[in-house]
Amino acid sequence: MTTEAAPPHGSAGTPAASPAAEEFESVQQSAEFAELRSSYRSFAFPLTVAFIAWYLLYVLLSNYAGGFMGTRLFGNVNVALVFGLAQFATTFLIAYFYSRHAAAKLDPKAAAIKARMEAGE
């Protein structure tokens with residue numbers, strides 16, 4: 001299989017120039033990087049805290065509210081089963097929302113920072 005694409009930067013025996021530590025430090029102190037970090041943290045931290053609280057509520061109710069968690073909703077389905085399945089649903093929803101957030105807000109900023117570093121600016 002052949003391709004018409006050019007080889008990746010630094011391949012074919014040519015070592016890629018790696019940025020110096022000072023360049024990493026200057027990028028880390030830039031407003032652009034601070035904005036990227038803030039955008040990530042403003043999404044990740046609240047959702048992490050909310051999910052942990054939701055999970056701990058489930059565990060505490062399972063341990064200390066057995067009567068409530070054993071309440072049958074219909075057939076053999078009780079509150080504990082619904083809460084347990086909701087844990088999985090919540091996990092997938094958070095992953096979905098994070099992937100959308102990352103694609104819309106984090107990835108473009110990170111790509112811009114990466115391009116600026118690779119260009120040597």
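In the predicted model, Glu35 is partly exposed, with a relative accessible area of 47%. The side chain of Glu35 meets that of Lys109 in a salt bridge, with a nitrogen-to-oxygen distance of 3.2 Å. This pair connects distant parts of the chain, since Glu35 belongs to helix 2 and Lys109 to helix 4, the two residues being 74 positions apart. Lys109 itself has a relative accessibility of 22% and therefore counts as partly exposed, the lower limit of that class being 20%.

A further link between helix 2 and helix 4 is provided by Glu32 and Arg116, which are separated by 84 residues and whose side chains form a salt bridge at 2.1 Å, N to O. Both partners are partly exposed, Arg116 with a relative accessible area of 23% and Glu32 with one of 28%. The chain has three salt bridges in total, and among them is the pair formed by Glu118 and Lys114, for which the closest N and O atoms are 3.9 Å apart. Because Glu118 and Lys114 are four residues apart in helix 4, about one helical turn separates them. Glu118 is exposed, with a relative accessible area of 62%. In general, side chains of opposite charge can pair when their charged atoms come close.

With regard to overall organisation, the chain contains four helices and two strands, arranged along the sequence in the pattern α-α-α-β-β-α. Of the 121 residues in the chain, 15% are buried, and the chain exposes about 9,100 Å², of which carbon and sulfur atoms supply 65%. When contacts between residues at least 6 apart in sequence are considered, 60% of them join residues at least 24 apart.

Helix 2 also takes part in contacts with residues far along the sequence through Ser39, which lies in this helix. Ser39 has a relative accessibility of 8% and so counts as buried, given that the class comprises values under 20%. Leaving aside residues up to four places away in sequence, Ser39 touches His101, Lys105, Leu106 and Lys109; the last of these, Lys109, is also the salt-bridge partner of Glu35.

The packing of helix 1 (residues 21–28) against helix 4 (residues 79–118) occurs at an angle of about 145°, with the two axes 11 Å apart, and the crossing of these helices is right-handed. On the side of helix 1 the contact is made by Glu23, Phe24 and Val27, and on the side of helix 4 by Ile113, Arg116 and Met117. Arg116 thus appears both in this contact and in the salt bridge with Glu32. Ser30, in the loop between helix 1 and helix 2, is buried, with a relative accessible area of 15%. Although Ser30 and Ile113 are 83 residues apart in sequence, their C-alpha atoms are 9.8 Å apart in space.

On the surface, a nonpolar patch of about 560 Å² is made by Ile52, Tyr55, Leu56, Leu60 and Tyr64. Leu56, one of these residues, is placed in helix 2, which spans residues 31–64. The relative accessible area of Leu56 is 43%, so that this residue is partly exposed, and this value is over the 30% required of residues in such a patch.

Note on methods
Residues numbered from 1 in each chain as written. Predicted model: local features only at pLDDT ≥ 70, side-chain atom pairs only at ≥ 80, totals over all residues. Heavy atoms only, no water. Patch = residues over 30% accessible without salt bridge, like charges linked within 9 Å, V, L, I, M, F, W, Y side chains within 5 Å. Areas by Shrake-Rupley, 256 points an atom, 1.4 Å probe, with all protein chains shown as cover. Salt bridge = Lys/Arg side-chain N within 4 Å of Asp/Glu carboxyl O. Buried < 20%, exposed > 50% of the residue type's maximum accessible area, 1.4 Å probe, protein only. Axes fitted to C-alpha atoms, helices over the stretch in contact; angles between N-to-C directions. Left-handed = near helix turned anticlockwise from the far one by under 90°. Contact = heavy atoms within 4.5 Å.
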